[in-house]
Amino acid sequence: MPDQQPLRVAKTVVFVGLMGVGKTCIGRRLAHRLDLPFVDADREIEEAAGCTIPEIFERHGEKYFREGERRVILRLLDNPPHVLSTGGGAILDPQTRARIHEHAISIWLRADLDLMMKRVSRRNDRPLLQVADPRARLQELMTERYPLYGEADITVDSVDGPPEVTLERTMAALAAHARRGADGIDATARRTAP
Ligand code: S3P
């Protein structure tokens, strides 16, 4: 039974997690459910740079991309509450991590390797995976980054199926987080009499 209880979120909800876990897909749907704007950090970076992420990597390298990524995400975190999906490497930056921790509710969207591979294989616009063995690369990134994603306030396992299933899990996890007295979420505020 889906958790239909209204939630009022007074902080930005930030999705973190590896490529292919569904941050944009679930983020967009969650924003709709929470009645908040949705922002995709990668699209904002592309807009600020006037070119695509593969072009940024190709012309200027990863370090330059990471600097732009940090600037864009820090700026977005100053905006009123919204749902923000971040690129998989955003949390590598300590300042970004600290700011997310202070100003946002973070959700680590996690998926198993097979599911990530299935999803990332649909597109070839991820520079870090343009290697002979993308599966091995993703595995390395799991080892490197899982401790950082693990700092998120909430962890949700993304399932191989309709996005609505993962969305309901996310809503339920947010509601549970609110029940634990989390700052920035109110699970009762919009519960009105019929
Ligand atoms: C990256 C993930 C990508 C994008 C860039 C680098 C990463 O975003 O920011 O290609 O370092 O994991 P998605 O996680 O949305 O694919």
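In this predicted model, the backbone oxygen of Gly88 sits 3.2 Å from a polar atom of the Arg145 side chain. Arg145 itself belongs to helix H7, which runs over residues 134-149. It's a buried arginine, and yet Arg145 makes no salt bridge. The nearest side chain of opposite charge is that of Glu144, 4.7 Å away; that pair doesn't qualify because a salt bridge calls for a side-chain nitrogen within 4 Å of a carboxyl oxygen. Leaving aside residues up to four places away in sequence, Arg145 touches Leu18, Arg66, Gly88, Gly89, Leu92 and Leu128. Gly88 thus turns up again, this time in the list of contacts.

Helix H7 also has a part in covering a neighbour: it is included in what covers the buried residues of H6. Six of the eight residues of H6 are buried, so this helix is largely enclosed by the rest of the structure. The buried ones are Leu113, Leu115, Met116, Met117, Arg119 and Val120.

Then there's the largest pocket, with about 750 Å³ of space in it. Its lining is made up of 39 residues, and those nearest the centre are Met19, Gly20, Thr24, Arg123 and Arg126. Helix H6 (113-120) appears here too, as one of the elements giving two or more residues to the lining, alongside H1 (23-34), H2 (41-49), H3 (53-60), H4 (62-77) and H8 (163-179). Of these, H1 supplies the largest share, with four residues.

Definitions and conventions:
Residues numbered from 1 in each chain as written. Predicted model: local features only at pLDDT ≥ 70, side-chain atom pairs only at ≥ 80, totals over all residues. Heavy atoms only, no water. Buried < 20%, exposed > 50% of the residue type's maximum accessible area, 1.4 Å probe, protein only. Lys, Arg positive; Asp, Glu negative; His and termini not counted. Polar contact = N/O pair within 3.5 Å; in protein donor to acceptor, adjacent residues only side chain to side chain. Contact = heavy atoms within 4.5 Å. 1 Å grid on protein atoms, 1.4 Å probe; cavity = no way out; pocket = protein on both sides within 12 Å on 5 of 7 lines; lining within 4 Å. Points joined across faces, edges and corners; volume = space filled by probe spheres on them.
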